[in-house]
Amino acid sequence: MNPSKKKPNSIQRRQLYINRGFQTRFILKFCLILLLGGAISIGLTLYNTQETLTSSFSNSKLVIQNTSLAIMPSVIYTTLISTLVIGLIVIMATLLASHKIAGPMFRFEQDIDKISTGDLKSRIDIRTGDQFQAIAVSLNKMIDSLNYKVSDMKRDADALARNEDLPESCRREIVLFNEKINTHFKL
């Protein structure tokens, strides 16, 4: 198979952001949690070292000072760097995770909008492994069932309309009913 040719019904990601607002809020929440974790880590470290002393050499002199003051620059610097590195990893991971959620939701919205107009030929297509795949299968079964039932009603109405024994007024009502089915549903 030619790799440049794609399956006609394959579903592929085409954009980085499917639902920009949802994904941005999703990523920001995780980044805020990360920042809160860094702030708590700094606070706990400084609190736990508050009543201890540390000795160090500065300019060939022995300096004794409060441990929290002595290590504060290192703790803050280390926490900032690790928060930035982990933050980039969190952004990428949450972007991918939100894409696995937002992508199927976006397709669900599009497919359900189409079905809500009466298009009972439509299917809800979700890639294998995406979230909501089981729901898509169930909804497709429901659409098939609805399509079958409406088609069955249409066939019954067609058969009744061809019945010679029916009064003309009933036959007209049945024909109007069939026209409504044809107007409201794509079977």
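**Salt bridges, a hairpin patch and a buried threonine**

In this predicted model, Arg155 pairs with Asp152 in a salt bridge, and their closest N and O atoms sit 3.6 Å apart. Both residues belong to helix α3, and because they are three residues apart there, about one helical turn separates them. Neither end of the pair is hidden away: Arg155 is partly exposed at 44% relative accessibility, and Asp152 is partly exposed too, at 28%.

That pair is one of four salt bridges that turn up when the whole structure is searched. Another joins the side chains of Arg123 and Asp144, with an N to O distance of 2.1 Å. Here the partners come from distant parts of the chain: Arg123 sits in the loop between α2 and α3 (133-161), Asp144 is in helix α3, and the two positions lie 21 residues apart in the numbering sense of being 21 apart. Arg123 comes out as partly exposed, at 27% relative accessibility, and Asp144 is likewise partly exposed, at 41%. Asp144 also has a spatial relation to Leu187: the two are 43 residues apart in sequence, yet their C-alpha atoms are 9.9 Å apart.

Helix α4 (residues 168-184) holds a further bridge, with Glu168 and Arg171 three residues apart, about one turn of the helix. Their side chains meet at 3.4 Å, N to O. Glu168 is partly exposed, with a relative accessible area of 47%.

As for the overall layout, the protein chain has four helices and two strands, and these run along the sequence in the pattern α-β-β-α-α-α. Of the 187 residues in the chain, 26% are buried. Taking contacts between residues at least 6 apart in sequence, 56% join residues at least 24 apart. The chain exposes about 13600 Å², and carbon and sulfur atoms supply 62% of that area.

The two strands come with a nonpolar patch on the surface. Leu53, Phe57, Leu62 and Ile64 make it up, and together they have about 520 Å² of accessible area. Both strands take part, since β1 (53-58) and β2 (61-66) each supply at least two of the patch residues. Phe57, for its part, is placed in strand β1. With a relative accessible area of 71%, Phe57 is well past the 50% cut-off and therefore counts as exposed.

Between the strands, the backbone does something worth a look. Asn59 is found in the loop between β1 and β2, and it has a positive phi of about 55° although it is not a glycine. Ser60 is placed in that loop between β1 and β2 as well, and phi is again positive for this non-glycine residue, near 60°. Both residues are out in the open: Asn59 is exposed at 72% relative accessible area, and Ser60 is exposed at 76%.

Thr67 gives a contrasting picture. This residue lies in helix α2 (residues 67-116), and its relative accessibility of 10% is under the 20% cut-off, so Thr67 counts as buried. A polar atom of the Thr67 side chain lies 3.4 Å from the backbone oxygen of Leu53, and Leu53 is also one of the residues of the nonpolar patch. Once neighbours within four places in sequence are set aside, Thr67 is in contact with Thr49, Thr52, Leu53 and Thr54.

Finally, the cysteines. A search of the whole structure finds zero disulfides. Cys31 counts as buried, at 16% relative accessibility, whereas Cys170 is partly exposed, with a relative accessible area of 34%.

Technical notes: Residues are numbered from 1 along each chain as its sequence is written. This is a predicted model: local features need pLDDT of at least 70, side-chain atom pairs count only at pLDDT 80 or more; totals for chains, interfaces and linings use all residues. Side-chain values use heavy atoms; hydrogens and water are left out. Buried means under 20% relative accessible area, exposed over 50%, partly exposed in between (1.4 Å probe, protein chains only). A polar contact is a pair of N or O atoms within 3.5 Å; within protein, one must be able to donate a hydrogen and the other to accept it, and residues adjacent in sequence count only if both atoms are side-chain atoms. Contact means heavy atoms within 4.5 Å. Patches are made of residues with over 30% relative accessible area and no salt bridge: like charges are joined within 9 Å, nonpolar side chains (Val, Leu, Ile, Met, Phe, Trp, Tyr) within 5 Å. Accessible areas come from the Shrake-Rupley method with a 1.4 Å probe; for residues, only the protein chains shown count as cover. A disulfide is a pair of cysteine sulfur atoms within 2.5 Å.
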